[in-house]
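Welcome, and please get your viewer ready. Could you walk me through this structure, telling me what to select at each stop and what I will find there?

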Amino acid sequence: ADAHYLLGRNYMDLRQNTLAIKPLESAVRLKPKWDEAHNNLGMNYWRLKRLPEARTSIEKAVSINPQNVEAHYNLGRINTIMKNHVQAIKAFKKGIDISPNHANLRYAIGMVYEVLGRHVEAIKEYKEAIRIEPSKTETYLSLAWTYSEIQQHQKAILPLRKVLEIEPDNVEAHYALGLTYAELERYADAVPALKQALNINPKHAEAKSILDSIYRELDRLQKE
């Protein structure tokens, strides 16, 4: 079983996912109580877009070893993709119960809460993810967008500025900051942020559209 598993993992590392299936399947057949083998077989099915089989394999992994945090995380992600949001939350919560300081689990469950419109819970989980892993810009962006979703635009500014401290050329942060300032009618701040987004990516259609609308609004105000 070990040799089959190692061969399958090697194929996975090389992204030769089709070739990885048979040795991984052999590994779990020869050693059916091996949770990591079931987990990796599931992940390989996932790469091949065989999601029902992926979910079944990873469910097997967590049934064998309920303490396998990564299997709970992977099961939650697969359920998220399959839009089984209740099951995704259940899997993520089980992982968090085992490993409360797992930033990816916190971020992932936050994203599901956001999809479901449970914004307060999403914000709480994003903040936890940031506390655990303060250098991950993706989490700050998600936090900012969630604040914007519930019209708390002022609160969106700080996480966006944090992104730009970490990644000064993050085009989405410049765009989101410009949009946030525009929502607050702080046009003098919005314009340079949007211009910077366009400097980084001249084809950013959304930034150009918002900037043009600001110029039209400023022109209207001047004429009043």
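Here is a tour in a few stops, through a model that is predicted.

**First stop: helix α4**

Select residues 51-64, which form helix α4. This helix has 14 residues and reaches 20 Å from its first C-alpha to its last, close to the 20 Å expected at 1.5 Å a residue. Now colour L51, A54, S57, I58, A61 and V62, which are buried. Turn the view until you look down the axis of α4: these buried residues fall within an arc of 140°, so they line one face of the helix. Swing round to the other side of α4 and you will find P52, T56 and S63, which are exposed.

What do the buried residues of α4 pack against? Show α3 (35-47) and α5 (69-81), and you have the two helices in question.

**Second stop: D35**

Stay with helix α3 and pick D35, which lies in it. D35 is buried, yet it has no salt bridge. Which side chain of opposite charge is nearest to D35? That is K31, and it is 8.8 Å away. A salt bridge here would need a nitrogen within 4 Å of a carboxyl oxygen.

Next, add N68 to the selection. The side chains of D35 and N68 are joined by a polar contact of 2.7 Å. To see the rest of the surroundings, show A61, I64 and N65 as well: along with N68, they are in contact with D35, leaving aside its neighbours within four places in sequence. You have already met A61, one of the buried residues of α4.

**Third stop: pairs of charges**

How many salt bridges does a search of the whole structure find? The count is eleven, and three examples make a good short detour. Side chains of opposite charge can pair when their charged atoms come close.

- Select E128 and R131 in helix α8 (residues 119-132), where they sit three residues apart, about one turn of the helix. Their side chains meet in a salt bridge of 2.9 Å, N to O. E128 counts as partly exposed, because its relative accessibility is 22%.
- Move to K162 and E165 in helix α10 (residues 153-166), again three residues apart. Here the salt bridge is 3.4 Å, N to O. K162 is partly exposed at 30% relative accessibility, while E165, at 58%, counts as exposed.
- Go on to K208 and D212 in helix α13 (residues 205-223), which are four residues apart, about one turn of the helix. Their side chains meet at 3.1 Å, N to O, in a salt bridge. K208 is partly exposed at 45% relative accessibility, and D212 is partly exposed too, at 28%.

Why does this spacing suit a helix? An α-helix has 3.6 residues a turn, so residues three or four places apart point the same way.

**Last stop: helix α11**

Select residues 171-183 for helix α11, which has 13 residues and reaches 18 Å from its first C-alpha to its last. Is α11 mostly covered or mostly open? It is mostly covered, with eleven of its 13 residues buried. Among them are H174, Y175 and Y181. Show α9 (137-149), α10, α12 (187-200) and α13 to see what the cover includes.

Zoom in on the start of α11, where a side-chain oxygen of N170 reaches to within 3.2 Å of the backbone nitrogen of E172. Then travel to just after the helix and pick E185, which takes a positive phi of about 60°.

Technical notes:
Residues numbered from 1 in each chain as written. Predicted model: local features only at pLDDT ≥ 70, side-chain atom pairs only at ≥ 80, totals over all residues. Heavy atoms only, no water. Expected span 1.5 Å × (residues − 1). Buried < 20%, exposed > 50% of the residue type's maximum accessible area, 1.4 Å probe, protein only. Arc of directions from axis to C-beta. Contact = heavy atoms within 4.5 Å. Lys, Arg positive; Asp, Glu negative; His and termini not counted. Polar contact = N/O pair within 3.5 Å; in protein donor to acceptor, adjacent residues only side chain to side chain.
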